[in-house]
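Subject: Handover of a structure and notes on its side chains

Dear colleague,

Please find below the structure that I am handing over to you. I would be grateful if you kept it open while reading the notes that come after it.

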Amino acid sequence: MPQVSVIIPAYGVTRYIAEALDSVFAQTFSDYEIVVINDGCPDTEALERVLAPYRDRLTYLKQPNGGPSQARNAGIVASSAPFVAFLDGDDVWEPSYLERQLSFLRENPSIDAVYSDGVIIGDHPDAGRRLMDLSPSEGEVTFARLVTQECTVFLPLTARREAIVRAGMFTPQFRNVEDFDLWLRMLLSGAKFAYQRLPLFRYRRRKGSLSEDSVAMRRAERTPSAVSWLSMVP
């Protein structure tokens, strides 16, 4: 059994996913499995050509387009390791990412999930800046601090699989703020989060990605579920 399952959803990332995969294969920690989920890519033929050189080193799943929540859930279900690490298909890990994140979790058995700082890349005005300079994390990661944005939990994130499953995994119908929703439910279920200020990944900002769709993000923040989270701040 591998120690960690790397979950990579693929939709609209054909141009970038080889770089993401190369960053996994360049890790200083090597006891992992990779699960790539084709989430109904409209360019599946091109995606599969890019993935062809890697296919014997990963598990490849195909499903109709259901959004990032359903894709990541499919990857979690297919995974076999006690730890899960999420990587979007257009982001890149630094070589020590898994080693440092897993070492932190092993050295802190009370912590269920750990995230790190990252550097923004891509054709964007913020390229070269650190994520924690723009969205700092201060103090203990709690439900209240997450809702009030005193702490911002980034993807990539590495977590104990059982903590994600216990919280119910990602909400399938959420296509925006789906990670925020899961982090809150994990905290409510008793999970503990921590962060490292090391810049262990490169986060791509680009037009057309869900995280760049600020209108959709604002709309998602006003959904009944999001409003209910705000009402539950201790």
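The notes below deal with aromatic rings, charged groups and two individual residues.

Please bear in mind that this is a predicted model.

Aromatic rings

Searching the whole structure gives 8 aromatic pairs. One of them joins Phe 170 and Trp 183: the ring centres are 6.3 Å apart and the planes meet at 65°, so this pair is classed as edge-to-face. An angle over 60 degrees is what earns that name. Where do the two residues lie in the chain? Phe 170 belongs to the loop between helix 7 (161–166) and helix 8 (178–188), while Trp 183 is in helix 8, so the pair ties together parts that are 13 residues apart in sequence. Phe 170 and Trp 183 are both buried.

Trp 183 also pairs with Phe 193, again edge-to-face, with 6.0 Å from centre to centre and 65° between the planes. Since Trp 183 is in helix 8 and Phe 193 is in strand 8 (residues 193–204), this pair ties together parts that are 10 residues apart in sequence. Phe 193 is buried, as is Trp 183. Ring pairs link these residues into a cluster made up of Phe 86, Phe 170, Trp 183 and Phe 193.

Charges over rings

Phe 170 has a further partner: the charged end of Arg 72 sits over its ring, 5.4 Å from the centre. Elsewhere, Arg 57 lies over the face of Phe 25, at 3.9 Å from the ring centre.

A buried charged residue

Asp 112 is located in the loop between helix 4 (97–107) and strand 6 (113–121). Which side chain of opposite charge is nearest to Asp 112? That side chain is Arg 160, 4.1 Å away, and Asp 112, although buried, has no salt bridge. A salt bridge would require a nitrogen within 4 Å of a carboxyl oxygen, and therefore 4.1 Å does not qualify. Setting aside residues up to four places away in sequence, Asp 112 touches several others, including Leu 105, Thr 158, Ala 163 and Lys 192, as well as Arg 160.

A buried serine

Ser 23 is part of helix 1 (residues 17–25). Is Ser 23 buried or exposed? Its relative accessibility is 7%, so Ser 23 counts as buried, the limit being under 20%. Beyond its neighbours within four places in sequence, Ser 23 is in contact with Leu 87, Val 92 and Trp 93.

Yours sincerely,
A colleague

How values were computed
Residues are numbered from 1 along each chain as its sequence is written. This is a predicted model: local features need pLDDT of at least 70, side-chain atom pairs count only at pLDDT 80 or more; totals for chains, interfaces and linings use all residues. Side-chain values use heavy atoms; hydrogens and water are left out. Rings of Phe, Tyr and Trp (its six-membered ring) pair if their centres lie within 6.5 Å; planes under 30 degrees apart count as stacked, over 60 as edge-to-face and the rest as tilted. Helices (H or I, at least four residues) and strands (E, at least two) are DSSP runs, numbered from the N terminus. Buried means under 20% relative accessible area, exposed over 50%, partly exposed in between (1.4 Å probe, protein chains only). A charge sits over a ring if NZ of Lys or CZ of Arg is within 6 Å of the ring centre and within 35 degrees of the ring normal. Lys and Arg count as positive and Asp and Glu as negative; His and the chain ends are not counted. Contact means heavy atoms within 4.5 Å.
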